[in-house]
Amino acid sequence: MTTASPTLLVEEIGRVRRLTLNRPEHHNPLTPRCIRELLAAVEEAEADSAVRVIIIRSTGRSFSSGYGFIAEDTDPGDFPPQPAIEGDVSAMLALGDGWARIWNCAVPVIAQVQGNCLAGGTDLALHCDLVVAAEDAHIGFPPVRSMGVPPTNMWLYHLGPQWTKRLVLTGDTLTGAEALQVGLVVETAPADALDGVVLDLAERIALIGRDLLVANKRVVNMGVELMGRSQLQRFAALNDAIGHRAPEAKAFSKQIAEVGLRQAVRDRDAAFGAPRPTPDDRG
């Protein structure tokens with residue numbers, strides 16, 4: 001059975017609920033409406049006793065290009081002005097609270113990542129329990145070069161401090177194959193085999209009783225909470241709001257207004273065009 005909303009396809013595959021972001025022509029940006037519909041679908045799946053595993057994936061060339069704006073996906077009040085830093089902090093905290101609904105979902109959630117998984121796309125993917133990526137996917141948070149910090153910063157809990165710093169201090173990306181080497185993803189596959197690999201994993205997990213899945217996930221998540229996940233997210237949100245007011249961030253916003261986002265990003269990233277270290281170059 002498949003149902004559809006403006007931004008999301010929902011499929012029932014046995015004991016697996018598969019949620020598919022469906023704005024491929026825009027690289028599946030995380031608009032406010034998309035986020036609302038996705039979180040509602042996760043909560044609906046969680047409430048269904050027949051569902052044991054949730055998959056979140058996307059159509060098209062990108063898992064998600066990050067937070068974005070599409071006119072047809074905008075509702076009144078979606079983009080209120082935030083002139084004061086406290087308003088910005090509140091907005092970033094609300095963003096983190098939203099993604100926490102996936103992290104805290106009772107049943108396991110798998111992110112199926114293909115193409116670009118950038119900026120806000122990583123906020124979504126890294127709040128899932130497991131990430132499976134196409135070998136040629138590109139995963140990272142380039143906006144640290146000009147806009148602020150990852151507002152939820154789940155990188156530390158997936159990578160540890162050194163590789164987290166390696167990525168957030170450069171804005172570099174990893175391919176899916178590289179991400180597997182450093183533990184950011186649990187498995188990879190060729191892009192054309194990704195659907196089958198992820199579904200096989202989900203169905204394998206779904207062989208376990210729901211109560212046992214819930215209990216085992218709860219224990220691991222509590223361990224991460226004891227490492228300070230929630231407190232770090234609040235700290236990250238505050239520093240992201242501060243970062244939005246850095247001179248470089250203001251200059252980047254001005255450049256976007258003058259030449260458009262795409263050209264501004266190209267100009268920003270041109271200096272990073274030299275080959276970057278890969279996991280095999282760690283020494």
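User: What is the expected span of a helix?

Analyst: The expected span of a helix is 1.5 Å times one less than its number of residues. The model discussed here is predicted. For helix α7, which covers residues 194-205 and has 12 residues, this rule gives a span of 16 Å.

User: How far apart are the end C-alpha atoms of α7, and does that agree or disagree with the expected span?

Analyst: Helix α7 should span 16 Å at 1.5 Å a residue. Its end C-alpha atoms are 17 Å apart, so the two values agree. The distance asked for is 17 Å.

User: Within what arc do the buried residues of α7 fall, seen down its axis?

Analyst: The buried residues in α7 are Leu-194, Val-198, Leu-199, Leu-201, Ala-202 and Ile-205. They line one face of the helix, because seen down the axis of α7 they fall within an arc of 160°.

User: Which exposed residues does α7 carry on the face turned away from its buried side?

Analyst: Leu-194 and Val-198 are among the buried residues of α7. The face turned away from that buried side carries two exposed residues, Asp-200 and Arg-204.

User: Is Gln-112 buried or exposed?

Analyst: Gln-112 has its place in strand β6, residues 109-113. Buried means under 20% relative accessible area. The relative accessible area of Gln-112 is 4%, so Gln-112 is buried.

User: Which residue's side chain is joined to that of Gln-112 by a polar contact of 2.5 Å?

Analyst: Leaving aside neighbours within four places in sequence, Gln-112 is in contact with residues including Ile-55, Phe-63, Leu-194, Asp-195 and Val-198. The polar contact of 2.5 Å joins the side chain of Gln-112 to that of Asp-195.

User: Which helix gives the most residues to the largest nonpolar core?

Analyst: The largest nonpolar core has 64 residues, and Leu-38, Ile-54, Ile-56, Ile-102 and Val-113 have the most contacts inside it. The helix that gives the most to this core, with 7 residues, is α1.

User: Which residues does Leu-38 touch, not counting those up to four places away in sequence?

Analyst: Leu-38 is one of the residues with the most contacts inside the largest nonpolar core. Not counting residues up to four places away in sequence, Leu-38 touches Leu-8, Leu-19, Leu-21, Ile-56, Trp-99, Ile-102 and Leu-124.

User: How many residues are in the second, separate core?

Analyst: This core includes Val-89, Met-92, Ala-237 and Ala-241. Its number of residues is 5.

User: How many disulfides does the structure hold?

Analyst: A disulfide needs two cysteine sulfur atoms within 2.5 Å. For Cys-105, the nearest cysteine sulfur is that of Cys-128, 9.4 Å away. For Cys-117, the nearest is also that of Cys-128, at 9.3 Å. The number of disulfides is 0.

User: Is Cys-117 buried or exposed?

Analyst: The cut-off for buried is under 20% relative accessible area. Cys-117 has 1% relative accessibility, so Cys-117 counts as buried.

User: What is the relative accessible area of His-26?

Analyst: His-26 lies in the loop between β3 and α1. Not counting residues up to four places away in sequence, His-26 touches Ser-65, Ile-70 and Glu-72. His-26 is partly exposed, and its relative accessible area is 34%.

User: With which residue does Asp-172 have a side-chain polar contact of 3.0 Å?

Analyst: Asp-172 lies in the loop between α5 and β10. Asp-172 is buried, with a relative accessible area of 8%. Its side chain is joined by the polar contact of 3.0 Å to that of Arg-145.

Notes. Residues are numbered from 1 along each chain as its sequence is written. This is a predicted model: local features need pLDDT of at least 70, side-chain atom pairs count only at pLDDT 80 or more; totals for chains, interfaces and linings use all residues. Side-chain values use heavy atoms; hydrogens and water are left out. A nonpolar core is a set of buried Ala, Val, Leu, Ile, Met, Phe, Trp, Tyr and Cys residues joined through side-chain atoms within 4.5 Å. Buried means under 20% relative accessible area, exposed over 50%, partly exposed in between (1.4 Å probe, protein chains only). Helices (H or I, at least four residues) and strands (E, at least two) are DSSP runs, numbered from the N terminus. Contact means heavy atoms within 4.5 Å. A polar contact is a pair of N or O atoms within 3.5 Å; within protein, one must be able to donate a hydrogen and the other to accept it, and residues adjacent in sequence count only if both atoms are side-chain atoms. The arc is that of the directions from the helix axis to the C-beta atoms.
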